[in-house]
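Please open the structure in your viewer and keep the selection tool at hand. The tour goes from the whole chain to single residues and back out again.

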Amino acid sequence: MDKWRRIVAITLGLGMVAALAGCDGGKPDEGKPDDGDPQPPPEEQIEPVDYGWNSAPVVTGTFYEDFSGGIDTDVWASDDRGWGLDKTNNNGVTSKNILYSTNRERVEAEGAKGGIVVMKATGAYSTDPYKGAVLITRDSFGAGKYEVRLKVLPRQGQCTALWTYWNGTPNLTTGDSLEDSKYSEIDIELPEGGDFRQFSATTYSKYINKQNMDQTTAKVSYEKAGLGNMSVNDGEWHTLAFEWRTAENDTGIIWYVDGQSVLKRTTSVPEYQATFWIGTHFPDIPSWLGVPNFDTAYMYVDWVKITSYDDPTIDECGSSTAKKEWSFVDLGNAEIPHTDYIINGDFSRLQKGTADKALGWEEWLTSNSVCSSENYVGYLQIDPDSLIYQTVDSKYKGHKLKLIVTAEKISGDGGLNAYLEEYYGIMPRGKSEVLTFRHKMSVTKELEFELQDLRTNSLRVCLKTDEGTTVRVTSVKMYLA
């Protein structure tokens, strides 16, 4: 074996040893970095930049919607269209995924006022996959500040987005016709690179196709923008915004997160008015957004505010979406749904082509775990000394999670250990306390855990049996606490 191969083999071997030392059902402190493990560097204190304008804008009007009366279909439209590579299966949005609540008690319990719009997205593990939702203003708007208070959809593989959009470009194909383009778009899109600690900021002033356009795009890192260890999929309300100016000495766009300016661009600035879109969809670009390894997840909108300026813009947009009537689901007195991070947590689905494996769950190395091999009834039977786990993407330091497990011992003198473990790639970074199930009766237990390590970017939900012990698990759920 040559030197290079020996180095690779040793590196892989050490990586496997480190991984094996992690998700193993030991004490809560096991798997955390010891004194010899390289520690993350101290958080650098980066001062945010306060981008601004040469002169203050002149406000001409304000559009504000807090959905206290639900979703007014005279004000809002939607869309049923396919985006991404597989448009035939509507790999995009459906108006059926838009719900709302005006129940005061439930809305206030979520930390909002007025009403809440709930947008559902169904990921790769859903029975109806790759569908999001979008709301669109019926009226068009020009230069101004566009703000939305929301909780972003917290899973990879989909695009949570706020954007202006109008395409009035003729059907041109020649390479020298870009000047005839009539187009307007400004975007906030995330997770950039599958990471909810950054977003894509994009603007288009002209567009014919991907080879013929006037466009500027940038990646906004919250840490580099001076916002510290922020991740907007932490379950908290965040206000995302951009400010669009077209004045003679103030032409450009500034993007904001929670009131703090994070980026300014002065190129590819649109001049045409456009409608404003809010939603989640599935563009089929894993390198940009990650992979949608989830079942169902939700985003929430508290309010929308558009402050119009007297900066010059061209109004040719009209209101084409007004031609169709839309209806949305009123939740009434029902609970506002929350994202359960567990796939197939009731074990009601088998992996296609596998008679004894629960969809979404992985077996650790040589585990013999099965899911009731005959007459499948919806439980996970874990054989002695086995480990079943599920990986949850985009979990970061400071996220607080609640794990809820229902299980019972079938045989043996030991029990089941259920716990959460932080990971950076394949490297374990920290571990929760352990829920133990040692009685021959069905019991529900729960734990809360706050992620601690700055390098953490995913989480494993682990279910491990002791030697000689068989356990039946009937339910696993996990929510942001």
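The stops below each give something to select and then say what is there.

**The whole chain**

Start with everything shown. This is a predicted model. The protein has 481 residues, and 53% of them count as buried. Colour by secondary structure: there are 4 helices and 26 strands. The protein exposes about 22000 Å², of which carbon and sulfur atoms supply 47%. Among contacts between residues at least 6 apart in sequence, 76% join residues at least 24 apart.

**Confidence**

Now colour by pLDDT. The average for the protein is 87, and 84% of the residues score at least 70. Select residues 1–39: here the pLDDT is below 50, although the stretch has 53 contacts in the model beyond near neighbours in sequence. Where pLDDT is low, the predicted coordinates should not be read in detail.

**An open sheet**

Hide the side chains for this stop. In what order do the 7 strands of the open sheet run? The order is 2-5-14-7-8-9-10, and the pairing is antiparallel. At the edges are strand 2 (76–77) and strand 10 (212–221), each of which pairs on one side only.

**Strand 8 and its partners**

Select residues 183–190, which make up strand 8. Antiparallel to strand 8 runs strand 7 (residues 159–167), joined to it by 8 bridges. Strand 9 (residues 198–209) is also antiparallel to strand 8, and 5 bridges link the two. Pick D187 in strand 8: W163 is its bridge partner, and D187 also stands opposite T202 in strand 9.

Is strand 8 enclosed or open to the outside? Strand 8 is largely enclosed by the rest of the structure, because 8 of its 8 residues are buried. Turn the side chains on again. Y183, E185, D187 and E189 point one way, while S184, I186, I188 and L190 point the other way; all are buried.

**T160, in strand 7**

Move next to T160, which lies in strand 7. Its relative accessible area is 2%, so T160 is buried. What does T160 touch, leaving aside neighbours within four places in sequence? Its contacts include I188, E189 and L190, which are also residues of strand 8. L150, V152, L153, G279, T280 and M299 are among the other contacts of T160. To see one pair in detail, display L153: its backbone nitrogen lies 3.5 Å from a polar atom of the T160 side chain.

**The largest nonpolar core**

Select I71, L135, F199, W255, F276, I278 and V304. Within the largest nonpolar core, which has 52 residues, these touch the most other members. Strand 15 (residues 296–309) gives the most to this core, with 5 residues. In soluble globular proteins, nonpolar side chains tend to be buried together.

Centre the view on V304. Apart from neighbours within four places in sequence, V304 is in contact with F63, Y64, E65, F67, W76, E147, V148, F276 and I278. Two of these, F276 and I278, were in the selection just made.

**L227, in helix 3**

Go to residues 223–227, which form helix 3; L227 is found there. L227 has a relative accessible area of 21%, which is why it counts as partly exposed; the cut-off for buried is under 20%. Not counting residues up to four places away in sequence, L227 touches Y222, V257, Q260 and V262. Q260 is 33 residues from L227 along the chain, and their C-alpha atoms are separated by 8.4 Å.

**A second core and strand 26**

Finish with another core, which lies apart from the largest one. Select Y341, F347, V471 and M478, which are among its 28 residues.

Then select residues 470–480, strand 26. Which strands do bridges join to strand 26? One is strand 18 (residues 380–382), antiparallel to strand 26 and joined to it by 3 bridges. In this pairing, L380 stands opposite V473. Another is strand 20 (residues 400–411), which is antiparallel to strand 26 and shares 10 bridges with it. Here S411 stands opposite T470.

How values were computed:
Residues numbered from 1 in each chain as written. Predicted model: local features only at pLDDT ≥ 70, side-chain atom pairs only at ≥ 80, totals over all residues. Heavy atoms only, no water. Core = buried A, V, L, I, M, F, W, Y, C linked by side-chain atoms within 4.5 Å. Buried < 20%, exposed > 50% of the residue type's maximum accessible area, 1.4 Å probe, protein only. Contact = heavy atoms within 4.5 Å. Pairing = 2+ DSSP bridges. Areas by Shrake-Rupley, 256 points an atom, 1.4 Å probe, with all protein chains shown as cover. pLDDT = per-residue confidence, 0-100. Polar contact = N/O pair within 3.5 Å; in protein donor to acceptor, adjacent residues only side chain to side chain.
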